[in-house]
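Q: Please take a close look at one single part of this model for me. I'd like to hear how that part sits against the rest.

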Amino acid sequence: DLALERALGALAEASNAPDRPGRIKFAQTHLHQAHGALSIVGLDGLTQFSEQLDRLLGEMASTQVPATPDTIRLATRCIAAIGNYLDELTRGQPDQALRLFSLYGELAHAAHSIARAVGQACGDNPFPIVTPCHRVVSARGIGGFAHHAEGFLIDTKRWLLQHEAAA
């Protein structure tokens, strides 16, 4: 929690700081500490989310992505979402990173990597038929399903899409 709090503080300072990239880099450093802890405890979906946020902060710090008030607010919301997600886990909520999906999409869009981010999030979906990730298709074809590019799961995806089109 301390690393996330410090990251939030650095982003709050970045909004008004003359050294905006430096404050954002400081936020990234603290997020990176939290990211390491998430990967150690095996929260894979949340780890990918924090990795995407880390990438965005790095691009903002190096000025590859403009550190506008909107992107700073998005990064702030994402860090807060990580903290909230961890709080929910401690209160007994299941580890279902898909709760962060819409925010993950915003994050990926800001970091210009939305297709990969959406594919990763859908691939990590523990309930791929219940949460309709099978409806996400590639620009070059059917795309993957549950981190598979061929075989039974792709056949299942095709069947689901055909079945839904006929209904």
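A: Of the 167 residues in the protein chain, 38% are buried, meaning under 20% relative accessible area with a 1.4 Å probe and protein chains only (exposed is over 50%, partly exposed in between). Bear in mind that this is a predicted model, where local features need pLDDT of at least 70, side-chain atom pairs count only at pLDDT 80 or more, and totals for chains, interfaces and linings use all residues. Numbering runs from 1 along each chain as its sequence is written, and side-chain values use heavy atoms, leaving out hydrogens and water.

The chain has seven helices and zero strands, taken as DSSP runs numbered from the N terminus (helices H or I, at least four residues; strands E, at least two).

Let's pick helix α1, residues 2-14. With 13 residues at 1.5 Å each, α1 should span 18 Å, and its end C-alpha atoms are indeed 18 Å apart; the expected span is 1.5 Å times one less than the number of residues.

Which residues of α1 are buried? They are A3, L4, A7, A10, L11 and A14. These cover an arc of only 120° around the axis, so they sit on the same side of α1; the arc is that of the directions from the helix axis to the C-beta atoms. That fits the general rule: an α-helix has 3.6 residues a turn, so residues three or four places apart point the same way.

Flip to the face of α1 turned away from its buried side and you'll find the exposed residues L2 and E5. As for what covers the buried residues of α1, that includes α2 (20-41), α3 (44-61) and α4 (69-90), with contact meaning heavy atoms within 4.5 Å.
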